[in-house]
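Reader: I would like to learn how to read the features of a model such as this one, step by step. Could we have the structure in view before we begin?

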Amino acid sequence: MLIAADKFKGSLTAVEVAERVTAGLRRVVPGLEVEALPVADGGDGTVAAAVAAGFERHERLVAGPLGQEVTAAFALRGDTAVVEMAEASGLQRLPRGVFAPLTASTYGSGELLRAALDAGARTIVFGVGGSATTDGGAGMLSALGARFLDEDGEPVPPGGGGLADLARVDLSGLDPRLSAVDLILASDVDNPLTGPKGAPAVYGPQKGASPDDVAALDQALSHFVKVLEGEAGPRAVEYAAAPGAGAAGGIGYGALLLGARFRPGIEVMLDVLGFAPALERASLVITGEGSLDEQTLHGKAPAGVAAAARAADKEVVAVCGRLALPPAALGRAGIRRAYPLTEVEPDVVKCIADAGPILERVAEQIARDFLS
């Protein structure tokens, strides 16, 4: 039995999901052999999943999205590091109810990347998602040695809004170690940087951006690309249109400029976490996340787990807080059956508050249906 589920956002971490499912299964089948492999798709929870798989947690003081000092972590095993941008620059790093769509910066994410280099990383999996920022990765690049200057030769203000004042870019001071590192951009987002499907238009409103803010950010990021073209050549324009450039407020674009390879986040994380050998040992796979919906089918962790399991001819069931997919869609994704917590407790507020005990009851039902 293999439990490879993502977090239930706002209720349970991926580790807690695995613990609760295991407890429920063993109440019906005492002594059941269970292997837990918490998973993530590159967004928040990615470092925690790596640590659960045996990576070592390293903490550093870095700049949060508003410049305040925060304690953020990356994971390291051998010379492979897992860096999660949300640890430094995520929405959870903003005070409750506070948004800063024009000024939030990814500087702390660059500091985390530098810390991974200092720790000896030669391969860096850079998981991006859940950002508070829309700065095209300019803050991250600044932390790694780039300079973004206005007409007076002064640094432009932090955040995407500040890029409107950009007159000159100097990439000569970028950390030279970056050229010797395999940097992997891990994300479930394949949007370009700007335009109708770009980072400001699609994700800006989630970060508090008004329609005027979205227009200003899109214009500022377009200007950013134009100025960068003078320093980095045609690739600056090519990368802006590439899949993944718009990930996490455009930090994907900054990563591509550093030479990163874009890969779907869940595929990268399954490789890093050692999913294939664990799958070989499994007779049944349980995956899941807080909400199984249309988004799940587009690169989220349960879809990645199910696709890999189906290729190995392993049966998959899913647990979730709420289910918004019909059986046919689940079947096409490789999921035999889904077990939502709302079937046990229809009250969503209670479901979120008591997710752990309810999930154990759901796991008991899975054991009765598939293991008895």
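Reader: In the hairpin of strand 3 and strand 4, which residue takes a positive phi?

Author: Please keep in mind that this is a predicted model. In that hairpin, which has 5 residues between its strands, Gly67 takes a positive phi near 95°. The hairpin of strand 4 and strand 5, with 2 residues between the strands, can be read in the same manner, and there Gly78 takes a positive phi near 65°.

Reader: In what sense do strand 3 and strand 4 pair, and over how many bridges?

Author: Strand 3 and strand 4 (residues 69-77) pair in the antiparallel sense over 8 bridges. To follow the register, one looks at individual bridge partners: Glu56 is partnered by Leu76 in strand 4, and Val62 is partnered by Val70 in strand 4. Strand 4 also pairs with strand 5, again in the antiparallel sense, over 4 bridges, and in that pairing Ala75 stands opposite Val82 of strand 5.

Reader: What is the order of the strands in the open sheet, and which strands stand at its edges?

Author: The open sheet has 6 strands in the order 3-4-5-6-9-10, with mixed pairing. Strand 3 (56-63) and strand 10 (261-264) stand at the edges; each has a single partner strand, so one side of each is left without a neighbour in the sheet. On average, and with direction ignored, neighbouring strands of this sheet are turned by 30° against each other.

Reader: Which helix packs on the sheet and touches strand 3?

Author: As a general idea, the side chains of a regular strand alternate between the two faces of the sheet. In this structure, helix 4 (residues 107-118) packs on the sheet and touches strand 3, strand 4, strand 5 (80-84), strand 6 and strand 9, with its direction making about 140° with that of strand 3. Helix 9 (residues 247-257) also packs on the sheet, where it touches strand 6, strand 9 and strand 10, and its direction makes about 160° with that of strand 9.

Reader: Which polar contact does the side chain of Asp182 make?

Author: The side chain of Asp182 makes a polar contact with the side chain of Arg261, at 2.9 Å. Asp182 is found in strand 9 (residues 182-187), and its C-alpha atom is separated by 8.1 Å from that of Arg261, although these two residues are 79 residues apart along the chain. When residues up to four places away in sequence are not counted, Asp182 touches Arg122, Thr123, Ile124 and Arg261.

Reader: Why is Asp182 called partly exposed?

Author: Asp182 is called partly exposed because its relative accessible area is 29%, a value that lies between the limits of 20% for buried and 50% for exposed.

Reader: Is Ser131 buried or exposed, and which side chain makes a polar contact with its side chain?

Author: Ser131 is buried, with a relative accessible area of 3%, and its side chain makes a polar contact with that of Lys207 at 2.7 Å. Ser131 has its place in the loop between strand 6 (123-127) and helix 5 (138-143). Apart from neighbours within four places in sequence, the residues in contact with Ser131 include Met85, Ser89, Lys207 and Gly249.

Reader: How should I place Ser105, and is Ser105 buried or exposed?

Author: Ser105 is buried, with a relative accessible area of 8%, and it lies in the loop between helix 3 (85-89) and helix 4. A polar atom of the Ser105 side chain lies 3.0 Å from the backbone nitrogen of Tyr107. Beyond neighbours within four places in sequence, Ser105 is in contact with several residues, among them Gly64, Pro65, Ser89 and Thr133.

Reader: How many residues of strand 11 are buried, and in what sense does strand 11 pair with strand 1?

Author: In strand 11 (residues 284-292), 8 of the 9 residues are buried, so this strand is largely enclosed by the rest of the structure. Strand 1 (residues 2-3) pairs with strand 11 in the parallel sense over 2 bridges, and Ile3 has Ile286 of strand 11 as its bridge partner. Strand 11 also runs parallel to strand 12 (residues 315-323), to which 8 bridges join it; here Glu289 stands opposite Cys320 of strand 12.

Reader: At roughly what angle do the axes of helix 1 and helix 15 cross?

Author: The axes of helix 1 (residues 14-28) and helix 15 (residues 355-370) cross at roughly 45° and come within 7 Å, which makes helix 1 oblique to helix 15. The crossing of helix 1 past helix 15 is right-handed. Among the residues making the contact are Val17, Val21 and Leu25 of helix 1, and Leu359, Ala363 and Ile366 of helix 15.

Notes: Residues numbered from 1 in each chain as written. Predicted model: local features only at pLDDT ≥ 70, side-chain atom pairs only at ≥ 80, totals over all residues. Heavy atoms only, no water. Buried < 20%, exposed > 50% of the residue type's maximum accessible area, 1.4 Å probe, protein only. Contact = heavy atoms within 4.5 Å. Polar contact = N/O pair within 3.5 Å; in protein donor to acceptor, adjacent residues only side chain to side chain. Pairing = 2+ DSSP bridges. Axes fitted to C-alpha atoms, helices over the stretch in contact; angles between N-to-C directions. Parallel < 35°, antiparallel > 145°, perpendicular 65-115°, else oblique. Left-handed = near helix turned anticlockwise from the far one by under 90°.
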